[in-house]
Each structure stands twice: as structure tokens, then as C-alpha cells.
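Reader: I would like a close look at one part of this molecule, set in the context of what lies around it. Please take me through it slowly.

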Amino acid sequence: MQVSGLSVALGGRPVLDGVDLSVLPGWTAIVGPNGAGKSTLLRTLAGLQVPQAGTVELQGRSVHRMHVVERARHLAWLAQQGHTTGELTVRETVGLGRIAQLGLLGTPGPADAAVVAQAMALTECAEWAQRRLQQLSGGERQRVLLARALATEAPLLLLDEPTTHLDAPHQVALARLFDHLARDSVQPRSIVTVLHDLPIALRADRVIVLAAGRVVTQGAPFEAGVRRALEEVFQGAIRIEVDARGRSRVELALDEPQA
Ligand SMILES: Nc1ncnc2c1ncn2[C@@H]1O[C@H](COP(=O)(O)OP(=O)(O)OP(=O)(O)O)[C@@H](O)[C@H]1O
């Protein structure tokens, strides 16, 4: 995906200001302070927010000009407050993801059921297949909505705060799942996540630091420029160090006096 000169204004205020970036294969984490424009950027990449200027292209075509079902075949989007119909069961909800491949009128067959079952297994929600969404906790619902996104088989996943509501083991499992999906030998996916959770974000292949509607920097989490940009945009409230294995480790600067 190629993004050029993207500018978005909401309520008469500029929210994104000339954003240029390329979504490369692998896992990309978008991070930055509250109000930086992260969700707006993701919505615009997903074709849901029309920009005042600039383009978002997938394989040379504007996502904003694609028909909604065609777009769903190319990319899956998970909202920060994911929309669900509480009356549906988990299996039915995940099954909705198949509309991306079948269209609105298609009839799912055994191959579709297998994709749905695999998506539920990957996010560990298969054991609730018959339960209704309204009977699930926030974290459980989040995993079902992620399974719905996986069931689309779209090669690009745009996920807004996918770790929200998840307990620590499931956050870790999700980071491993993103690694696994990005490196799958049969069906590798590009994954873009908006994340406040910096320890998870720093496990991504690539980090985009956004502040005040602009890309401050982008690169691998171990790059000094990325670490410096993060410490700066978060105003010294975090410290990032690189460990012996070359991994970036983040810590809240709880014991240091704030300037
Ligand atoms: N519908 C809207 N009308 C006017 N302003 C909006 C609207 N939606 C968002 N904004 C403003 O746009 C800016 C960016 O919002 P956005 O949700 O993209 O930020 P974010 O980086 O995802 O923030 P957070 O980390 O708090 O989720 C904020 O200042 C927000 O108040």
C-alpha cells in the first residue's frame, strides 16, 4: 500500500497533514500520543475516511474508488470500538468475514466453514462458537472480531487497538499471532496495528511514529532514530533501551522527576 500527501480535516481542523508512507510486507505498528491522528490515519487507509488531499493506493488503485466488497477482499479493518450484532453467535459473527470472498449473496460451503474454524482457533475463541456476542466479555468479543477480520482472508489487516481489553497472556499471544501471520509461507499478511501498548508495538517489524498529524519517523524498532522519536513525542515519560539480543525494551519513567 502506498500513501502519498494524505491530508484530512475533521470539524474544520487539520488532523492529518501531508502523510507519506509505504505499508511494507510484515507487521507495522503506528504509535503516538492521544489525538495524534492514528485512528483517522487507519480509517483513511481502510477507505472509510475520504481525505481532503492525497492518495491511498493498493496495487496502483485508489482504495477510495473500490466497491466496498472488493475493498473487503483486499483489506480487513478492525475498529477501536468494534461493531457487533449481539444477537449473532460467535460462529455467525466470524462467518460474516466470508462476505469479503463470497459477496453479499454467496452461499458459504465447507471450505468457508474451514476458514471460519481456523480463524476462531487462531484467536482462541472456538470454544464459544455457539455463544452470543452479548454474552461475552470485552476481551472475548475483541478476539471474535479479530477472528472475523482473519476470516476475510484479506492480505492486509488494519487493526485499531487490537490489544484493548486483552489480558497479558492474550496480548503476548496476539503479538506472536501477528508474527506468525506476517511470515506464513502460504498466505503471508501485511498487518498494520494502531497500538498504545509500546512493549507490544516494539515487537513489530516496523514502527511509524505519528504526532500532530505528521509522520515523525518510521523504521525498525531497534533504530536509534525511532527510539529517540518515541522518547520525544512521549515527553520523556518512557525510556527505551536495547538489550543484548538487539530488542528494544520500553519502561515507564515512573521514578524520574518530570521536567
Ligand atoms: N469526528 C470528528 N470531528 C472533529 N474532530 C475529530 C473527529 N474525530 C476525531 N477528531 C479529532 O481528530 C484528532 C485525531 O483523532 P484520532 O482519533 O485520529 O487520534 P488518535 O491518535 O487515534 O488518538 P487516541 O490515541 O486518543 O485514540 C483528535 O484531536 C480528535 O479530537
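Which residue in E2 is the bridge partner of Ala9?

Author: The model is a predicted one, and in it the bridge partner of Ala9 is Pro14, a residue of E2. That pair belongs to a wider arrangement, since strand E1, residues 2-10, is joined to E2 by six bridges, and the two strands run antiparallel. Around them, an open sheet is formed by four strands in the order E2-E1-E4-E5, with antiparallel pairing. At its edges lie strand E2 (13-22) and strand E5 (61-62), each of which pairs on one side only.

From the sheet one can turn to the ligand, which is surrounded by a shell of residues that includes Leu10, Gly11 and Val15, together with Gly32, Asn34, Gly35, Ala36, Gly37, Lys38, Ser39 and Thr40. Sorted by class, this shell has three nonpolar residues, seven polar ones and one charged one. The element that gives the most to the shell is helix H1, residues 38-45, with three residues.

The nonpolar interior offers a second view of the fold. The largest nonpolar core has 67 residues, and those touching the most other members are Ile30, Val31, Ala147, Leu158, Ala201 and Val207. The largest share of this core, seven residues, comes from H6. For Ala147, once its neighbours within four places in sequence are left aside, the contacts are Val94, Ala119, Met120, Leu122, Thr123 and Cys125.

Helix H9, which spans residues 224-233, has Val226, Arg227, Ala229 and Leu230 as buried residues. Seen down the axis of H9, these buried residues fall within an arc of 165°, and so they line one face of the helix. As a general matter, an α-helix has 3.6 residues a turn, so residues three or four places apart point the same way. The buried residues of H9 pack against strand E3 (26-31), strand E9 (206-211), strand E10 (214-219), strand E11 (238-242) and strand E12 (248-252). After H9 comes Gln235, whose phi is positive, near 50°.

Positive phi values also appear in loops. Glu124, although it is not a glycine, has a positive phi of about 55°, and its place is in the loop between helix H5 (110-122) and helix H6 (138-151). Glu124 counts as partly exposed because it has 16 C-beta neighbours inside 10 Å, where a buried residue would need 20 or more and an exposed one 12 or fewer. His165, likewise a residue other than glycine, has a positive phi near 75°, and it sits in the loop between strand E7 (156-160) and helix H7 (168-183). With 16 C-beta neighbours inside 10 Å, His165 counts as partly exposed.

Lastly, Ala253 is found in the segment after E12. Ala253 is partly exposed, with 14 other C-beta atoms within 10 Å. Not counting residues up to four places away in sequence, Ala253 touches Gly236, Ala237, Ile238 and Arg239. Ala253 and Gly139 are 114 residues apart in sequence, and in space they are 28 Å apart, C-alpha to C-alpha.

Notes: Residues numbered from 1 in each chain as written. Predicted model: local features only at pLDDT ≥ 70, side-chain atom pairs only at ≥ 80, totals over all residues. Arc of directions from axis to C-beta. Contact = placed C-beta atoms within 7 Å. Near = placed C-beta within 6 Å. Nonpolar A, V, L, I, M, F, W, Y, C, P; charged D, E, K, R; others polar. Pairing = 2+ DSSP bridges. Core = buried A, V, L, I, M, F, W, Y, C linked by C-beta atoms within 7 Å.
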